[in-house]
Amino acid sequence: MKTRAEQVVALPVLLPTVKLAWQYSHSTQPVIEGLGLPAFGAATRDNNVALEVQIPLFDGWAQRDREQEATAQAQQQLAALDLTRQKVIQQVWSADQSYSEAADDVRMRQRVAKLASQALHAARKRYQHGVASVLEVLNEQAALVRARAQQVDASRRWLLARLNLAYVVGDLGTSPGLFSARALDAPQLGAR
């Protein structure tokens with residue numbers, strides 16, 4: 001993180017520093033001692049050595065302020081990262097709960113459709129034996145149609161929940177991941 005790097009860079013400012021500089025120059029330019037005086041040839045050589053020592057005594061707490069600012073920025077970024085992490089965890093958990101509930105709903109709707117089919121079959125048998133009226137058979141047929149419509153709607157919600165879970169997890173079928181791992185608990189969509 002940038003702020004951690006700033007903290008690390010800020011520490012050496014508290015330590016003393018030593019700088020050593022050396023300069024050498026050589027010149028063969030003629031030397032003129034004054035206006036109207038003759039020039040005479042001369043060679044000059046200069047050697048300069050400089051030693052600079054800096055000892056930080058007091059900088060008005062500017063260094064401390066920079067360190068505190070870098071620490072605060074690092075903490076702020078960590079808090080934002082933690083908040084994002086919590087949001088992602090909540091989204092995954094919510095999507096997984098929706099997926100599980102939708103799968104349970106599909107299984108329940110399949111059982112309801114199977115029971116409605118059995119009830120229609122029984123009503124037809126009773127009608128054939130003269131024990132039930134045609135109205136009872138029609139009512140059972142309507143109940144079966146409603147049960148199958150609810151089954152289709154539950155299957156649609158299950159597929160949407162499955163896609164939403166894959167989206168939240170970041171696995172939209174590019175790898176075997178979610179879809180093969182959930183294959184065991186996938187309800188039979190075509191069961192009647």
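How many salt bridges does a search of the whole structure find? The search finds eight, a salt bridge being a side-chain nitrogen of Lys or Arg within 4 Å of a carboxyl oxygen of Asp or Glu. This is a predicted model, in which local features need pLDDT of at least 70 and side-chain atom pairs count only at pLDDT 80 or more, while totals for chains, interfaces and linings use all residues. Residues are numbered from 1 along each chain as its sequence is written, and side-chain values use heavy atoms, with hydrogens and water left out.

**Overall architecture**

The protein chain has four helices and four strands, which are DSSP runs numbered from the N terminus (helices H or I, at least four residues; strands E, at least two). Along the sequence these elements follow the pattern α-β-β-β-β-α-α-α. Of the 192 residues, 16% count as buried, where buried means under 20% relative accessible area, exposed over 50% and partly exposed in between (1.4 Å probe, protein chains only). Among contacts with a separation of 6 or more, residues 24 or more positions apart account for 65%, a contact being heavy atoms within 4.5 Å.

**Salt bridges**

Three of the pairs are set out below.

| Pair | N to O distance |
|---|---|
| Asp82 and Arg85 | 3.7 Å |
| Arg107 and Asp104 | 3.3 Å |
| Glu136 and Arg126 | 2.0 Å |

Asp82 and Arg85 are separated by about one helical turn, because they are three residues apart in helix α2. Arg107 and Asp104 likewise both lie in helix α2, three residues apart; Arg107 is partly exposed at 27% relative accessibility, and Asp104 is partly exposed at 48%. Glu136 and Arg126 form a salt bridge, and since Glu136 lies in helix α3 and Arg126 in helix α2, the pair ties together parts that are 10 residues apart in sequence. Glu136 is partly exposed at 26% relative accessibility, as is Arg126 at 31%. In addition, salt bridges that share partners join Asp105, Arg109, Asp153, Arg156 and Arg157 into one network.

Within that network, Asp153 lies in helix α3 and is partly exposed, with a relative accessible area of 29%. The C-alpha atoms of Asp153 and Asp105 are separated by 9.9 Å, although the two are 48 residues apart along the chain.

**Nonpolar cores**

The largest nonpolar core (buried Ala, Val, Leu, Ile, Met, Phe, Trp, Tyr and Cys residues joined through side-chain atoms within 4.5 Å) has nine residues, including Tyr99, Val106, Trp158 and Leu165. The elements giving two or more residues to this core are α2 and α3 (134-169), with α2 giving the most, five residues. A second, separate core of seven residues includes Ala116, Leu120, Ala123 and Val137.

**Nonpolar surface patch**

A nonpolar surface patch of about 1,400 Å² is made by residues including Val18, Trp22, Val49, Phe58 and Trp61. Patches are made of residues with over 30% relative accessible area and no salt bridge, like charges being joined within 9 Å and nonpolar side chains (Val, Leu, Ile, Met, Phe, Trp, Tyr) within 5 Å; accessible areas come from the Shrake-Rupley method with a 1.4 Å probe, and for residues only the protein chains shown count as cover. Both β1 (17-27) and β4 (44-54) supply at least two residues of the patch, and β1 gives the most, with four. Trp61 is found in the loop between β4 and α2 (62-128) and is partly exposed, with a relative accessible area of 48%.
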